[in-house]
Amino acid sequence: MTKYIPTPFYVQNSSERTLVGDVLFPFAYDELTCRSVAKGGLPLVHIWRHEKAIVLGPSDRRLPYAERATEWMRVQGYTVGVRNSGGAAVPLDPGVVNISIISPNPEGTANYKNEFELMYQLITQSMEKLGVKVDKGEVDGSYCPGDYDISVNGRKICGISQRRHQKAFIINAFINVTGHARRNAELIRTWYAIATGAAEGHEPDETILSKVPKIDPEVMATLQEAGGYGVTTRTFTQSLMNTLIEWGGINGIHPNKPSTQELMKMVQLLRQNYDNSDSEVSRD
């Protein structure tokens, strides 16, 4: 049975142009909207893309040489941030479509599978419109692995993470639609090699290694590569929009859109709470 977003809800598609600069701004936007939804505001689905970024999970930031690895990414031209949801490192580029579902949880229940299933159903129904069948389940060797990995023909194209408030939640998904998924996987594998010290000949202990995904770039793919021949970010987001309108969504800017000042304050707070540059615990 399909689980829908409570109506009415807004659909804000800002993916027509890729974002540049600090990758924490869309996460700050979602966080502020989630706080509004928790107080009775209308739900929101936010669709966006970023030009060139790496989004880390909270556990990634605690690796012994994380700051060194992050600085290496910045030298390559990436903006780097730590998201306030679960999961692990994910690369973003113009071919990656990001989706956030921000919805109320008035009972304050903690059944995370319902929320993950909601995102899975949105992506599944949108893919069906494009003639693509997807599967659900962890893909060994993928970056940001999880039970709700979404794959096409055995190769992962999408990962999902979650952020919960007492009365609302955010479900995030990244979908590799076009671009270079294997190259991005190699990039993330290198980040982990630097962050654990392995790139410089250190031997990380098992506690550290247990927090690091064993990445095989060959298991990652874009939707175009895995079976969605001819699909572009534009056609994929249009399919998303069609599904969301069918679900009762309103295409437009959320009425409680945060101000620029609020966004800047939230970005600063997220960085203080999740991206503390003093977290590197081992230096040569």
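Here are three short exercises on a predicted model.

**Exercise 1. Place Thr-178**

Find where Thr-178 lies, and decide whether Thr-178 is buried or exposed.

*Solution.*
Step 1: Locate the residue. Thr-178 sits in the loop that links strand E10 (168-176) to helix H4 (181-196).
Step 2: Take the relative accessible area, which is 19% for Thr-178.
Step 3: Apply the cut-off. Buried means under 20%, so Thr-178 is buried.
Step 4: Look at the contacts, leaving aside neighbours within four places in sequence. Thr-178 is in contact with Asp-93, Gly-95, Thr-222, Gln-224, Val-231, Thr-232 and Thr-233.

**Exercise 2. Read a sheet**

Give the order of the open sheet of three strands, and name its edge strands.

*Solution.*
Step 1: Write the order. It is E4-E3-E5, with mixed pairing.
Step 2: Pick out the strands that pair on one side only. These edge strands are E4 (79-82) and E5 (90-92).
Step 3: Add the twist. From one strand to the next, it averages 20 degrees.
Step 4: Examine one pair. Strand E3 (residues 53-56) and E5 run antiparallel, joined by three bridges. Ile-54 has Pro-91 in E5 as its bridge partner.

**Exercise 3. Follow Asp-149**

Which backbone nitrogen does the side chain of Asp-149 reach?

*Solution.*
Step 1: Find the residue. Asp-149 belongs to the loop between strand E7 (135-136) and strand E8 (150-152).
Step 2: Check burial. Its relative accessibility is 1%, so Asp-149 counts as buried.
Step 3: Compare sequence and space. Asp-149 and Lys-136 are 13 residues apart in sequence, and their C-alpha atoms are 5.7 Å apart.
Step 4: Follow the side chain. It reaches the backbone nitrogen of Val-139 at 2.9 Å.

How values were computed:
Residues numbered from 1 in each chain as written. Predicted model: local features only at pLDDT ≥ 70, side-chain atom pairs only at ≥ 80, totals over all residues. Heavy atoms only, no water. Helix = DSSP H or I, 4+ residues; strand = E, 2+ residues; numbered from the N terminus. Buried < 20%, exposed > 50% of the residue type's maximum accessible area, 1.4 Å probe, protein only. Contact = heavy atoms within 4.5 Å. Pairing = 2+ DSSP bridges. Axes fitted to C-alpha atoms, helices over the stretch in contact; angles between N-to-C directions. Polar contact = N/O pair within 3.5 Å; in protein donor to acceptor, adjacent residues only side chain to side chain.
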